[in-house]
Amino acid sequence: KAVVSTQSTGTTPNVIYEIPCKDCDANYIGQTMRPLIKRIKEHEACYRNNRAIAESTGNIKSAAALHSLSTGHTISWNSTSILTSTSSSSNLDLLEQAAITSFKLSLNRIDRAPTVNTFWTPIMDKISSTYKRRSLQISSFPS
């Protein structure tokens, strides 16, 4: 069950989050069981170190960083928002998939999105309609 948290800091665990691009309407939707600020710092480091793709596997480590590096667009790390949080990490895949499939202009690759039973497909929009963007007030990243 998704829970609405009044906490809007980067210490919130078990969240679905959104990172916007400053230069276009695209955004990245992600999930983390850890404090969100740690995951955002990893995305930003992938950009800063030009390592959006893992050398050993060729897998994308950060779609947000890859978007910025390949287009020259600026990712708005400081504008990252929590879409929803949950008390159970086992709900993260469903909640992330709902956001990816319901929100338009996502930087996420659908073929890499979490696998969710098709039973949930008819209600994905209903699930994501409950999301409320909460700003993190991050100020530790360059704009």
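Accessible areas here come from the Shrake-Rupley method with a 1.4 Å probe, and for residues only the protein chains shown count as cover. The model is predicted, so local features need pLDDT of at least 70 and side-chain atom pairs count only at pLDDT 80 or more, while totals for chains, interfaces and linings use all residues. Residues are numbered from 1 along each chain as its sequence is written, and side-chain values use heavy atoms, leaving out hydrogens and water.

**Exercise 1. Get an overview of the protein chain.**

Step 1: Start with the surface. The protein chain exposes about 7900 Å², and 51% of that is supplied by carbon and sulfur atoms.

Step 2: Now look inside. Of the 143 residues in the protein chain, 44% are buried (buried means under 20% relative accessible area, exposed over 50%, partly exposed in between, with a 1.4 Å probe and protein chains only).

Step 3: List the elements. You'll find four helices and five strands, in the order β-β-β-α-α-β-α-α-β from the N terminus. Helices (H or I, at least four residues) and strands (E, at least two) are DSSP runs, numbered from the N terminus.

Step 4: Check the contacts, meaning heavy atoms within 4.5 Å. Among those between residues at least 6 apart in sequence, 65% join residues at least 24 apart.

**Exercise 2. Work out which strands pair with β2, and how.**

Step 1: Know the rule: two strands pair if DSSP finds at least two bridges between them.

Step 2: Take β3 (residues 27-32). It pairs with β2 in the antiparallel sense over six bridges, and a hairpin of six residues joins the two strands.

Step 3: Take β4 (residues 81-86). This strand also runs antiparallel to β2, with four bridges between them.

Step 4: Zoom in on Ile16. Its opposite residue in β3 is Gln31, and its bridge partner in β4 is Thr84.

Step 5: See how covered β2 is. Five of its six residues are buried.

**Exercise 3. Set Asn14 beside Asn50: where does each one sit, and is it buried or exposed?**

Step 1: Find the places. Asn14 lies in the loop between β1 (2-3) and β2 (15-20), while Asn50 is in the loop between α1 (36-48) and α2 (63-71).

Step 2: Read the backbone. Phi of Asn14 is near 55°, a positive value in a residue other than glycine. Asn50, not a glycine either, has a positive phi of about 55°.

Step 3: Compare the cover. Asn14 counts as buried because its relative accessibility is 13%. Asn50 has a relative accessible area of 58%, so Asn50 is exposed.
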